[in-house]
Amino acid sequence: DLFDPSHNNSIDVRELKAIMKAFGIDVKKEELKNAIKGLGKEPTDQIVFEEFVKIITPRLGKRDSRKEIDKIFKLFDEDNTK
């Protein structure tokens, strides 16, 4: 609910930016649009968990990446589809 208000198990660039900001990752919207384009999608497209992982992992730095990713994803995966 917090980051996936549409309850479709995917997020858009605006929701992605909010997630990153909530976890202390400062990133510009344009940078995220480019990251989504790098997945072969349009910046207006929704992304799913696997794509989210590809975008956020390099930005986590020295944190425990998998643990952080799971923690973040649980915030918008209410039905435990992962």
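**Exercise 1. The residue after helix 2**

Task: State which residue takes a positive phi just after helix 2, and what follows helix 1.

Solution. Just after helix 2, G40 has a positive phi of about 85°. The model used throughout these exercises is a predicted one. Helix 1 is followed by G24, whose phi is also positive, near 75°.

**Exercise 2. The overall layout**

Task: Describe the elements of the protein chain and how many of its residues are buried.

Solution. Step one is to count the elements: the protein chain has four helices and zero strands. Read from the N terminus, their order is α-α-α-α. Step two concerns burial: 38% of the 82 residues count as buried. Step three concerns the surface, where the protein chain exposes about 5100 Å² and carbon and sulfur atoms supply 49% of this area. The last step takes contacts between residues at least 6 apart in sequence; 49% of them join residues at least 24 apart.

**Exercise 3. The buried side of helix 1**

Task: Determine where the buried residues of helix 1 lie around its axis.

Solution. Begin with the list: V13, E15, L16, I19 and M20 are buried in helix 1. Viewed down the axis, these buried residues fall within an arc of 160°, so they line one face of the helix. Now take the face turned away from the buried side: it carries the exposed residues R14, K21 and A22. R14 also takes part in a contact at the start of helix 1, where a side-chain oxygen of D12 comes to within 3.1 Å of the backbone nitrogen of R14.

**Exercise 4. Helix 2 and its partners**

Task: Find which residues of helix 2 are buried and which helices they pack against.

Solution. The buried residues of helix 2 are L32, A35 and I36. They span an arc of only 100° around the axis, which puts them on the same side of helix 2. Their packing partners are helix 1 and helix 3.

E31 is also in helix 2. With a relative accessible area of 37%, E31 is partly exposed, because the buried class ends at 20% and the exposed class begins over 50%. The side chain of E31 makes a polar contact of 3.2 Å with the side chain of R59. For E31 and K17, which are 14 residues apart along the chain, the C-alpha atoms are separated by 9.8 Å.

**Exercise 5. An aromatic pair in helix 3**

Task: Locate the aromatic pair and classify its geometry.

Solution. A search of the whole structure finds one aromatic pair. F49 and F52 form this pair, with 6.4 Å from centre to centre and 35° between the planes. An angle under 30 degrees would count as stacked and one over 60 as edge-to-face, so the rest are tilted; the pair of F49 and F52 is thus a tilted one. Both residues lie in helix 3 (residues 49-56), three residues apart, about one turn of the helix. Residues three or four places apart in an α-helix point the same way, because there are 3.6 residues a turn. F49 and F52 are both buried.

**Exercise 6. Helix 3 and the nonpolar core**

Task: Work out how enclosed helix 3 is and what it supplies to the largest nonpolar core.

Solution. The buried residues of helix 3 are F49, E51, F52, V53, I55 and I56. Because six of its eight residues are buried, helix 3 is largely enclosed by the rest of the structure.

Next, the core. It has 21 residues, of which L16, M20, F52, I55 and I56 touch the most other members. Helix 1 (13-22), helix 2 (29-38), helix 3 and helix 4 (65-74) each supply at least two residues. The largest share, five residues, comes from helix 3. Leaving aside neighbours within four places in sequence, F52 is in contact with I11, L16, I19, I47, I69, I72 and F73.

**Exercise 7. Two buried polar residues**

Task: Identify the polar contacts made by the side chains of E51 and S10.

Solution. E51 lies in helix 3 and is buried, with a relative accessible area of 16%. Its side chain reaches the backbone nitrogen of V48 at 2.9 Å. Not counting residues up to four places away in sequence, E51 touches L39, K41 and Q46.

S10 lies in the segment before helix 1 and counts as buried at 6% relative accessibility. The side chains of S10 and Q46 are joined by a polar contact of 3.0 Å. Q46 therefore appears twice: it is touched by E51, and its side chain meets that of S10.

Methods. Residues numbered from 1 in each chain as written. Predicted model: local features only at pLDDT ≥ 70, side-chain atom pairs only at ≥ 80, totals over all residues. Heavy atoms only, no water. Phe/Tyr/Trp six-rings, centres within 6.5 Å; stacked < 30°, edge-to-face > 60°. Buried < 20%, exposed > 50% of the residue type's maximum accessible area, 1.4 Å probe, protein only. Polar contact = N/O pair within 3.5 Å; in protein donor to acceptor, adjacent residues only side chain to side chain. Contact = heavy atoms within 4.5 Å. Core = buried A, V, L, I, M, F, W, Y, C linked by side-chain atoms within 4.5 Å. Areas by Shrake-Rupley, 256 points an atom, 1.4 Å probe, with all protein chains shown as cover. Arc of directions from axis to C-beta.
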